[in-house]
Amino acid sequence: RVAITAGNTLQTKLRLSNRPAFLLSEGKLINDIERAWDNLETTERGVEQHLMSELIRLQRLEHLFARFSQKCDSLAAWITETKAFFKKDNIAEADLNELLVR
């Protein structure tokens with residue numbers, strides 16, 4: 001309603017000053033602007049959904065990487081212990097239970 005009043009005031013001022021009427025060019029009508037705004041909101045929702053799914057995917061990858069890294073550290077520790085065990089001078093005298101644990 002304010003736009004209509006402002007438009008009427010503008011048209012009246014133009015008419016009183018002997019100027020041509022103001023006509024909106026194509027693509028700048030209120031319906032065009034509303035349609036473009038709706039399109040913008042739809043696109044924005046799509047981008048937001050895509051970003052959220054990507055964030056969830058990256059969080060899952062981060063979790064999987066943490067698990068993998070933990071397993072790698074565990075394996076590296078086991079390898080170090082095993083190497084140290086087999087570097088003993090006299091492996092024949094080693095405890096049988098200790099050999100089975102390895």
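This is a short walk through one chain, from its overall fold down to two places in helix H2.

Hi everyone, thanks for coming. One thing up front: what you see here is a predicted model, so please keep that in mind as we go.

Let's begin with the fold. The chain has three helices and zero strands, and if you follow the sequence along, the pattern reads α-α-α. Helix H2 covers residues 30-86, and we'll stay with that helix for the details.

Now, the surface. How much of the chain counts as buried? Of its 102 residues, 5% do. The exposed area comes to about 9700 Å², and 60% of that is supplied by carbon and sulfur atoms.

Where on that surface can we find a nonpolar patch? Have a look at Leu58, Leu61 and Leu64, which form one. Together these three leucines have about 240 Å² of accessible area. Leu58 belongs to helix H2. Leu58 counts as partly exposed because its relative accessibility is 43%, which falls between the 20% and 50% cut-offs.

Let's move along helix H2 to Asp32. Is Asp32 buried or exposed? Its relative accessible area is 18%, so Asp32 is buried, the cut-off being under 20%.

And what does Asp32 touch? Its side chain makes a polar contact with the side chain of Arg35, at 3.2 Å. If we set aside the neighbours within four places in sequence, Asp32 is also in contact with Glu26 and Gly27.

So those are my two stops: the leucine patch with Leu58, and Asp32 with its contacts. Thanks for listening, and I'm happy to rotate the model for anyone who'd like another look.

Terms used:
Residues numbered from 1 in each chain as written. Predicted model: local features only at pLDDT ≥ 70, side-chain atom pairs only at ≥ 80, totals over all residues. Heavy atoms only, no water. Helix = DSSP H or I, 4+ residues; strand = E, 2+ residues; numbered from the N terminus. Buried < 20%, exposed > 50% of the residue type's maximum accessible area, 1.4 Å probe, protein only. Areas by Shrake-Rupley, 256 points an atom, 1.4 Å probe, with all protein chains shown as cover. Patch = residues over 30% accessible without salt bridge, like charges linked within 9 Å, V, L, I, M, F, W, Y side chains within 5 Å. Salt bridge = Lys/Arg side-chain N within 4 Å of Asp/Glu carboxyl O. Polar contact = N/O pair within 3.5 Å; in protein donor to acceptor, adjacent residues only side chain to side chain. Contact = heavy atoms within 4.5 Å.
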